[in-house]
Amino acid sequence: MSVSVADDDDAYLGLTQRGSGRRSYTDGVPDTIGFDIPSPSDDDYGGTDPEGLGADSVYRFGHDAGNDERGLFAVRNQGTNPIRVYSTQPDREDVPSVVMYDIDSGDTLTESDPSAVLGVGDVLVCGLEIDTYGVPVREDEYDLTLTINGVATNE
């Protein structure tokens, strides 16, 4: 899965991956982070060898497999305006639903219910919620994209 920043002239966002264990990693493209869930390193840290996510389940990943830092990734307001942040995913029925959430509040961050206001320079530490209900099980990996959006606000 890759996560990238949406184009927005008023809300310049920066993404950083957090922790070790390879659930999150820099994807080599500016403002893009990749995720492997489960990570190739999950068995090194948890003493298990996960093969994937279970069917008809909801998971929250709030840290990398190394469990050495809060959050899978962070969003920084690098613009000049206060903003609210949320994630979007293209509508597809053949992949899990993924939404970012605020590690501190536990709130999912959607277009209809974005983050609290982030001032200039503020950082929001995030995790991912993955919902596999109604998604067909398959042997190969799911390939999906999640976009992080920042909307300038006057609040």
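A residue counts as buried under 20% relative accessible area and as exposed over 50%, with partly exposed in between. Asp-56 has 42% relative accessibility, so it counts as partly exposed. All of this describes a predicted model.

## Overall layout

The protein has one helix and 10 strands. Starting at the N terminus, the order of elements is β-β-β-β-α-β-β-β-β-β-β. The protein has 155 residues, and 43% of them count as buried. Its accessible surface comes to about 8,200 Å². Carbon and sulfur atoms account for 42% of that surface. Contacts reach far along the chain. Among those between residues at least 6 apart in sequence, 74% join residues at least 24 apart.

## Strand pairing

Strand 6 covers residues 73-77. Four of its five residues are buried, so the strand is mostly covered, given that buried means under 20% relative accessible area. Strand 6 pairs with strand 2 in the antiparallel sense, over five bridges. Within that pairing, Leu-15 has Val-75 of strand 6 as its bridge partner. Strand 6 also runs antiparallel to strand 9, and four bridges join the two. Here Val-75 stands opposite Leu-124 of strand 9. Val-75 thus appears in both pairings, with Leu-15 and with Leu-124.

Strand 8 takes in residues 97-102 and is mostly covered, with five of its six residues buried. Strand 9, residues 123-131, runs antiparallel to strand 8, and six bridges join them. Met-100 stands opposite Leu-128 of strand 9.

## The nonpolar core

Which residues touch the most other members of the largest nonpolar core? They are Phe-73, Val-75, Val-85, Met-100, Leu-124, Leu-128 and Ile-148, in a core of 22 residues. Strands 2, 6, 7, 8, 9 and 10 each give two or more residues to this core. Strand 9 supplies the largest share, with four residues.

The bridge partners named above recur here. Val-75 and Leu-124 stand opposite each other, and both are on the list of residues that touch the most other core members. Met-100 and Leu-128 also stand opposite each other, and they are on that list too.

## Aromatic rings

A pair of aromatic rings is described by the distance of the centres and the angle of the planes. A search of the whole structure finds one aromatic pair. It is formed by Tyr-59 and Phe-61, with ring centres 6.1 Å apart and planes at 20°, so the pair is stacked. The cut-off for stacking is planes under 30 degrees apart.

Are the two partners buried or partly exposed? Tyr-59 is partly exposed, because its relative accessible area is 26%. Phe-61 has 9% relative accessibility, so it counts as buried. Arg-60 lies over the face of another ring, that of Tyr-101, at 4.0 Å from the ring centre.

## Loop residues

Asp-56 sits in the loop between helix 1 (42-46) and strand 5 (58-61). It is not a glycine, yet it has a positive phi of about 50°. Leu-53 is found in that loop between helix 1 and strand 5 as well. Leu-53 is partly exposed, because its relative accessible area is 31%.

Thr-132 lies in the loop between strand 9 and strand 10. Its 6% relative accessibility makes it buried. What does Thr-132 touch, not counting residues up to four places away in sequence? Its contacts are Leu-53, Gly-54, Ala-55, Asp-56, Ser-57 and Pro-96. Among them are Leu-53 and Asp-56, the two loop residues just described.

Asp-107 belongs to the loop between strand 8 and strand 9. It is partly exposed, with a relative accessible area of 44%. Leaving out residues up to four places away in sequence, Asp-107 touches Met-100, Tyr-101 and Asp-102. Met-100 is one of the core residues listed earlier, and Tyr-101 carries the ring under Arg-60.

Each of these three pairs has a separation along the chain and a C-alpha to C-alpha distance:

| Pair | Separation in sequence | C-alpha distance |
|---|---|---|
| Thr-132 and Val-98 | 34 residues | 9.0 Å |
| Leu-53 and Ile-130 | 77 residues | 9.0 Å |
| Asp-107 and Cys-126 | 19 residues | 9.9 Å |

Technical notes: Residues numbered from 1 in each chain as written. Predicted model: local features only at pLDDT ≥ 70, side-chain atom pairs only at ≥ 80, totals over all residues. Heavy atoms only, no water. Buried < 20%, exposed > 50% of the residue type's maximum accessible area, 1.4 Å probe, protein only. Pairing = 2+ DSSP bridges. Core = buried A, V, L, I, M, F, W, Y, C linked by side-chain atoms within 4.5 Å. Contact = heavy atoms within 4.5 Å. Areas by Shrake-Rupley, 256 points an atom, 1.4 Å probe, with all protein chains shown as cover. Phe/Tyr/Trp six-rings, centres within 6.5 Å; stacked < 30°, edge-to-face > 60°. Lys NZ or Arg CZ within 6 Å of the ring centre and 35° of its normal.
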